[in-house]
Every structure is written in C-alpha cells, then in structure tokens.
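Dear colleague,

I am passing on the structure we spoke about, and below it I set out what was found. Please read the notes with the coordinates open beside them.

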Amino acid sequence: MSNRVCHFKLVLLGDAAVGKSCLVVRFVRDEFFEFQEPTIGAAFLTQTVQCEDATVKYEIWDTAGQERYRSLAPMYYRGAAAAIVVYDITDPDSFAGAKSWVKELQRRGDPNVIIALAGNKADLEQRRKISQEEAESYAEENGILHLVTSAKDGTNVKSLFVEIAKKLPKNPPQVEREAFPISASNNESTKSCC
C-alpha cells in the first residue's frame, strides 16, 4: 500500500434541498441532521479516502443550490478534478436540474473532470419518482458514474467518494503543494497528485 497523498478538488452541485450538504457531512463527520441549514455561497471541507495506489485527499466545495447563487458555481467547479451532481430521487425537477448541471460541466468544466450523479434520499424509496433505470441510462449515455445514496442512513455515501477516487489519476509523487490556490492561473495543483 502506498503512502502517497494526492490532493483533488471536488465540487458538489445540484438544486436546493437535494441533500448536498447532508451527503458531505455524512462523508466527512459521519453525522446526519434532519434540518440542515441551506448553504450560503459554498462550504469547504476536507476528507481522505484510502485507495490501493494512494491516499486521496478531497478538498470539497459544497455549493449552494438556490438559483440566486448559480452564477457563482463556475468559480467553484473551475479546476475541479471531480464533481458530484446530486438529485433527489423523489423530485423529478431536481433530476432535470442535475441534467442541466452535467451539461454545464461537460461544456464549461475541466475536460477531464470525473462526474458522478448521486440519486440521494434512497431512504424514501417508497416515494421514488426517478426510476433507477432512467438514471442509469442517463449516466451511461453521458459516461458518468451513478450511485443511489442516502445521507440519512449512510447508504453508498462512502462508496460514492471511493468510486470517484478510483477514477482519479494518481501521478508520480511530487513535492507536496498547498491545498490549492484561489487564482485560476495556477489551478494545475488542484488536479494533480501530491
């Protein structure tokens, strides 16, 4: 097992109230709050995942889902190595919103960005409106990962981040750099290993 640490910027995108913050809090702190305050702008957290070939350290930007913050999103997904687009399996509008985010990432994001589609709120299976088949088909057509998750009970939350980590490039070891710069001109360190 390698002791190499690779840093990757990861962004969460999706409509308001689909559970982006809940997914991140479940992944980072293994906690769930029934009433999570809406994110204003974006929140920043870090967490690591152990892979066979390296330790992946995620620098996670959890973006606000409200429409009024949408124009800020490119600032957060610029230079991201991975993006999780979240929808609520009980809300068809949120799935349409997720498709819009995927399209935007494919058009304006990094050409090598790893995109994962997360159908959240699996604990509400009896109220499901987006079929597993429809979401899987969409993900396959767009060459992206798809997992059904539940921030509430933890279903597939860690798996989501592990599957993304497996797809990220682990370059040869280099001198460790700062987490990542704010300026877009030096965003290479947000994508590369170590």
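Please keep in mind throughout that this is a predicted model. I begin with helix α4, on one side of which Glu133, Glu140 and Glu141 are exposed, whereas Ala135, Tyr138 and Ala139, which also belong to this helix of residues 132-141, are buried. Seen down the axis of α4, the buried residues fall within an arc of 100°, and therefore they line one face of the helix. The cover over these buried residues includes the strands β4 (82-88), β5 (114-120) and β6 (145-148), together with helix α3 (92-108). After α4 comes Gly143, which has a positive phi, near 65°.

Turning to the interior, the largest nonpolar core has 34 residues, and those with the most contacts inside it are Leu10, Tyr58, Ile60, Ile84, Phe161, Ile164 and Leu168. Two or more residues of this core come from each of β1 (5-14), α1 (20-29), β2 (42-50), β3 (55-63), β4, β5, β6 and α5 (157-167), and of these α5 gives the most, with six residues.

Within that core, Tyr58 may be a useful residue to display: leaving aside residues up to four places away in sequence, Tyr58 touches Phe8, Leu10, Phe27, Leu45, Thr46, Gln47, Val49, Phe161, Ile164, Ala165 and Leu168. Apart from the largest core lies another, of 24 residues, which has Tyr76, Ala80, Phe95 and Val102 among its members.

With best regards

Definitions and conventions
Residues numbered from 1 in each chain as written. Predicted model: local features only at pLDDT ≥ 70, side-chain atom pairs only at ≥ 80, totals over all residues. Heavy atoms only, no water. Buried < 20%, exposed > 50% of the residue type's maximum accessible area, 1.4 Å probe, protein only. Helix = DSSP H or I, 4+ residues; strand = E, 2+ residues; numbered from the N terminus. Arc of directions from axis to C-beta. Contact = heavy atoms within 4.5 Å. Core = buried A, V, L, I, M, F, W, Y, C linked by side-chain atoms within 4.5 Å.
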